[in-house]
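Student: I would like a close look at one part of this model. Please pick a place where two chains meet and walk me through it slowly.

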Amino acid sequence: MASHALTLDDRAYAEQRDIRLLGFLFFLISDSIFFGSLIFAYLYLRNAAPVWPPPGIERPDVYLAAVNSIVLFGSGVTMHVAMEGMRRDRRGQFVGFIVATIVLGTLFVSGQIYEYWHILPVTKWAATTFGASFYTLTGMHGFHVSVGVIFLITVLIQTLRGTYTKDRHFGLTAATLYWHFVDIIWVALFFLFYVY
Amino acid sequence: MSQQPEAFRLDAGFWRATALLAIISIALMILVVVYPIGKLLPEASSASLSIDFLFRFMAFFSVPILVFVNGYIIYFCIRYRRRKDEPLDSIGSPIHDHRALEDTWTIVPTILMVALGILSYLAMPQYYLKGKDSAATIEAIGHQFYYEFRYPGLPHAVDNDMYLPLGVPVTIDLTSAESDETRAVIHSFWVPEFRVKQDMIPGMVVPIHFTPIELGTYKLICTEFCGLGHAHMWGYVHVVSRADFDAWWNSQQKNAQTQAHQAINFASGNASSGQALFAQKCTACHNAAPFDQRKVGPGLANLFHDPQHPDLVDGKPANARDVGDILEHGYQGSMGVMPNAQANGLNAKDIADLIAYLQTLK
Amino acid sequence: MDAHIIERIIALIGAIVVALFALKALREEWPKKNLDDHVTKIMMGLLTIGCLIVIIVAIGFAGRA
Amino acid sequence: MATIELAHPASHIHPAPEGFVRKYIFSLDHKVIAVQYFITSGLFFVLAGLLAELIRVQLMQPNNTVLDPATFNEAFSVHGSAMVWLVVIPILTGGFGNLIMPLQIGARDVAFPWLNMLSFWLFPPAGILLFGSFLLGAPQAGWTEYPPISVLASPGTSMWCAAIFLIGVSSTITGLNFLVTIIKMRAPGMTWTRMPLFVWASAVTAFLNFIATANLSISLAVLFIQRTFHVPFYDETRGGSPVLWQHMFWFYSHPAVYIMILPAFGIVSEIIPTMVRRPIFGYKAIAYSSVAIALVSFMVWAHHMFTSGLAQWIQLPFMIMTMIVAIPTGVKVFSWVASLWGGRIRFTSPLLFVLGFLSTFTFGGITGVMLASVPADVHEHGTYFIVAHLHYVLFGGSMFGVFAGLYYWWPKMTGRMLDERLGKIHFWLMFVAFNCTFLPMHWLGLLGMPRRVATYDPIYWHTNLFVSISAFVLGASMLLFAYNAIHSARYGKRAGPNPWGARTLEWMIPSPPPYYNFKELPVVLSGPYDYGKPLPYRDVDPDMIEAAAMPAY
């Protein structure tokens, strides 16, 4: 794949990159619709409920979630710094920070799993509308994060193989955008489930 | 380039065709106005009149649109067909657009839509707003695959045959339920002659409101797909004179009397089976939560020792006997309708259990 | 309870640090004109908002039902 | 993605792939993929059509026992789902979109050929899942699958969810792919207002596809989750709500009806100027009204739920938005009629289907307005009036558009003409049978026949009998087309590059087009519909221009 990219002249690569970028952004848009309609469902059910959260369960622990969110948000920043490194052709910076991002992302996912299994009794929760929307939304987000981690590992390997150069690294741009997107979704979810 | 400019003016032929189409549509519009919809499908409720008026209105303005669109298609096709003698590459009028014309056919429909919107808005309260003036509130409950009607003051429910007195405004509370709540599905309540339809949705109570204005027996149809028996789910609405209605009412009362009453032994109440009953029979309207969290009726936790509400809705003190009284005979008043024991299928034991359970709620 | 205090402190400090970095990144991105740069700006802005929410939670203004 | 140089319009031409598999099965060529779509959804069209005939057989007389109620419910549920998701949408976006759109914008392929192939190959499995669900007991609650029934119903419903989910992903990908293609890969000089109207329609459809369909996928996923893990999303006994499904489903499915009709609009707008030999009337009006329809279509979904117990203040805005949709649609219809004025009309079979489309679609649109008004809808909802209305817009609209397009672009696709005489017979048979089938349903509905019933009140017997018989004729008329298609593949008159004398770019290249469509990327100088003026393209093969100047028809 990349070998093709290297065969193209600069103008061709630029056009190619624009096309890919637009496509990727459209993908992110439709993905956010994905989350959007689930959030709509959550708000609808919450609005319809006489008492919230439904009797028998209480809100998940907000402070642990806050720490977890910071882990994810932080990974967003490290990812950005990593990209800056690539743009300035500082390999060391890039590799270091992308590894940091991967670690933070993994941390976040394990935090989620910990919350699922040790704080919220799944079976009890899943019987309520709160639990249903909570597990569906955070679960889908967790899935996105895991995919993102794999994505990052892939681009890291590709970079080490020398696939990407200072000015030809669309794969990295895509990974970065995706990662930021996952962060932003979490902003919404954190607010909706723990704070609002 | 065989182009004859004069062929592209609005010639006499065009105006003749337009005149013809105008005549046709005027004729049809008159037909729409005079057409006796009531003969085809009786207008048996107050709502039906305004809805039929709307229908007439829409048909009235649809007719010219249909006639002119189709008519012009046909006329243009005849008038501007490629004649045999014309060369293969002959081409038509080069006109791209015509501002005034396009504005017209944008603005005119807009005006029509605004008018239609206003008229529809005016017609909506006819059947939606819960009637302040409604003489009675009847509960209609959809089951697979029959209708159940609960009249206030009538000790037991009536299946499939609904009796309404002529000219009395009624409100019908629609919902759907099964003895196993989780299997309740969506039904619909439609009487074509009333022009009134509303889905019966489990867990929701939706009122419709109308006044029957024509004697007769009308078919009550389920229009929301509800399972295998959907095609066979129908009942009848009998709009009868006041006298006939009272006669029917008394007969119902009589065969109610025949069913003997046992006394309720509150001591024997079993809270746990009461809880099961509550989940099955009461949760459609009541939460096991504080008073303010009402569904149809108030929340019932703390019913027996609530400082804010020492008395029951009927003004009696909140003690086992009076609660049992309401459970047994039902209640209609400021808070809506509560069906009685027969309608809820509760026997004396059940009532005792329910009260035992309610007393455990704090 | 102690655990909560620790969590809150970590969240607070982390949030402030991340927010500062995000804002810094936002300022660096600002002059750039590519499509993806614009997107990054939006993302960084929202990230900052996320951090603010965490801060509000950590200092106890919101989030405890 | 090994597609980078394919996707790049200015890159040099690569040799066509060798080997049957790379050429015809896992092909990256948009034209081949289009043909794959046509064949597959043609197949599903036959199956779903047979189901429809089965339904009409059952309804030939009251208390008929050809089908037991369960089978009947399965039949109409699968018929509806298949016609919407396996026939109309794939043919219009996947088929015509793939075949024509890249040619009309002068591109060598879509932006992401690999994704294009992927989204096709998600489609046959979906169809197999949907029809396979008969084995486990197919879905029974109609194509809308309202809970609680769809939650309680047979395991087939889960297969239905999976099938439609695949379709959803597939058309999301297609939409994204096409929109990027249209934005980024138009031939030099082709500004937005120089695009053919079919491209406009495709662009808007693509937008709707990747916005709305994501939402469909998620609501299906939620239904699936509830069925599998018994979480209470739609379960009112545990705080959920059956109405929530209706909101989520219709938020997709209303835009979906425009996904199904807009490409047909585009096809009509292409055929009229060609056959009438004059510029389309009100190009900009037609183009922009599509955009207006698309935007408004996201704010009208609750007009399917006027009897679902929504508060009045919610119903009002939806009623108003729905009525607003009627205005741009009217503009289109009037513009098409006006385009006939002062032309040199050639009555070819594509044009006949277009005229049929105009007449039937106008009728369907007007009944649509009648359904928009809440009080009227309260009477009509859930009756045969709805069935009639939706068939007038989906069959009378979309399918007439599809057949018009097939007759029009068949030579471009296969290089051979379809037989005109057969085509005209096909049209008249189909048009008459169609109206005889669906017009009486309006009355049935208004007089009180509910939809989705396996039997009915004997007073409706004669009308239903008439409807059934016409439905069989309608089905038979499709055989004519099948015969015509097979016949033309063998004996069809060879079509030149431009048999109709049209002026859009796809006719400036040989038919069927070569692997890379354009040897030289054409340069576009002005809009495509100025008949009588010289062709507005540079760098087009000169003898093609000759062919275009002198139509064979």
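Tutor: What follows is a look at one helix pair, set in its surroundings. Keep in mind that this is a predicted model.

Start with chain A. It has seven helices and zero strands. Read from the N terminus, its elements run α-α-α-α-α-α-α. The C-alpha trace spans about 65 × 30 × 25 Å along its principal axes. Chain A has 196 residues, and 45% of them are buried. Now take the contacts in chain A with a separation of 6 or more. Residues 24 or more positions apart account for 78% of these.

Now the close look. Helix 3 of chain A covers residues 62–87. Helix 1 of chain C covers residues 2–29. Two packed helices are described by the angle between their axes and the distance between the axes. Here the angle is about 25°, and the axes are 9 Å apart. Angles under 35 degrees count as roughly parallel, so helix 3 of chain A is roughly parallel to helix 1 of chain C. The crossing of these two helices is left-handed.

Which residues of helix 3 of chain A make the contact? They are Tyr63(A), Leu64(A), Ala66(A), Val67(A), Ile70(A), Phe73(A), Gly74(A), Val77(A) and His80(A). From helix 1 of chain C, the contact residues include His4(C), Glu7(C), Arg8(C), Gly14(C), Val18(C), Phe21(C) and Ala25(C).

Next, the other chains. Four pairs of chains touch, and chains B and D make the most contacts among them. Chain C does not touch chain B; their nearest C-alpha atoms are 18 Å apart. Chain C does not touch chain D either, with 14 Å between their nearest C-alpha atoms.

Chain B offers strands to look at. It is divided into domain 1 (5–126), domain 2 (136–257) and domain 3 (266–360). The centres of domain 1 and domain 3 of chain B, taken over C-alpha atoms, are 61 Å apart. Find strand 5 of chain B, residues 170–176. Five of its seven residues are buried, so that strand 5 is mostly covered. Strand 5 of chain B runs parallel to strand 1 (residues 136–143), joined by seven bridges. It pairs with strand 8 (residues 206–210) in the antiparallel sense, over five bridges. Follow Ile172(B) across. Its bridge partner in strand 1 is Ile138(B). In strand 8 of chain B, Ile208(B) stands opposite Ile172(B).

Note on methods. Residues are numbered from 1 along each chain as its sequence is written. Chains are lettered from A and ligands numbered from 1 in the order in which they are written. This is a predicted model: local features need pLDDT of at least 70, side-chain atom pairs count only at pLDDT 80 or more; totals for chains, interfaces and linings use all residues. Domain bounds come from an automatic or database domain assignment. Helices (H or I, at least four residues) and strands (E, at least two) are DSSP runs, numbered from the N terminus. A residue is buried if 20 or more other C-beta atoms lie within 10 Å of its own, exposed if 12 or fewer, and partly exposed in between; C-beta atoms are placed from the backbone. Two residues are in contact if their C-beta atoms, placed from the backbone, lie within 7 Å. Two strands pair if DSSP finds at least two bridges between them. Axes are lines fitted to C-alpha atoms, for helices over the stretch in contact, and angles run from 0 to 180 degrees between N-to-C directions. Angles under 35 degrees count as roughly parallel, over 145 as roughly antiparallel, 65 to 115 as roughly perpendicular and the rest as oblique. A crossing is left-handed if the near helix is turned anticlockwise from the far one by less than a right angle, and right-handed if clockwise.
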